[in-house]
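This report describes one chain, going from overall composition to a single sheet and then to model confidence.

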Amino acid sequence: MKKTLKKAAPKKAAKPTAKESPILKEVKQLYSFMQDNSIDTLEYDQNGLYLRLVKAKPALVPVPVNMGAAAATGTSAHPAAAQEQYKEVIKSPLMGIFFRGSTPSAPPFVKEGAEVKKGEVICLIEAMKVFNEVRADFNCIVQKVLVDNGKPIKQGEALFAIERI
């Protein structure tokens, strides 16, 4: 009787792996380091290899704001009208959302009738998730707050009617 040996079929590899270049390994390590440490931008320059990795920022989408609602609440839809009605006003330096205090439950920075010193914070304007402090340019008394808390405002819009002292 003759014995025959059958060769076992070679095992198929899941996928042939290409040898990874050392530069690609380094880039992957740098990317992993960025992710682990919440870094937005990383620059690397070593042995003739210059690399700059920048995390993509989400696209900004403009949000429509109904300005008719501001007029219905009693605020001036026309900054020029408020400026004509009062002798002197403090105007908004930028477009955003007007806040009278540092948090919704915090007291306002200034109240009507309050005396404000030069450099004192009088309100916050939120623009693109950044809260910008608006400071008094001179000593004054706040006669009237012209904008409701949490309302959208335009650049140049009157915020406070004031009297210089």
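## Composition and confidence

Of the 165 residues in the chain, 24% are buried. The model is predicted. About 12,800 Å² of the chain is exposed, and carbon and sulfur atoms supply 56% of that area. Among contacts between residues at least 6 apart in sequence, 52% join residues at least 24 apart.

The chain holds 3 helices and 10 strands. Read from the N terminus, the elements follow the order α-β-β-α-α-β-β-β-β-β-β-β-β.

One open sheet has 4 strands in the order β3-β10-β8-β5, and the pairing is antiparallel. Strands β3 (88-91) and β5 (115-116) are at the edges with a single partner strand each, so one side of each has no neighbour in the sheet. Strand β3 is joined to β10 (residues 158-164) by 4 bridges, and the two run antiparallel. Within β10, Phe 160 is the bridge partner of Ile 90.

Confidence varies along the chain. The mean pLDDT is 77, with 72% of residues at 70 or more. The two extremes among the elements are tabulated below.

| Element | Residues | Mean pLDDT |
|---|---|---|
| helix α2 (lowest) | residues 68-72 | 43 |
| strand β9 (highest) | residues 152-153 | 93 |

Over residues 66-77, pLDDT stays under 50. For this stretch the model has 12 contacts beyond four places in sequence. Where pLDDT is low, predicted coordinates should not be read in detail.

Key:
Residues are numbered from 1 along each chain as its sequence is written. This is a predicted model: local features need pLDDT of at least 70, side-chain atom pairs count only at pLDDT 80 or more; totals for chains, interfaces and linings use all residues. Side-chain values use heavy atoms; hydrogens and water are left out. pLDDT is the predictor's confidence in each residue, from 0 to 100. Contact means heavy atoms within 4.5 Å. Two strands pair if DSSP finds at least two bridges between them. Buried means under 20% relative accessible area, exposed over 50%, partly exposed in between (1.4 Å probe, protein chains only). Accessible areas come from the Shrake-Rupley method with a 1.4 Å probe; for residues, only the protein chains shown count as cover.
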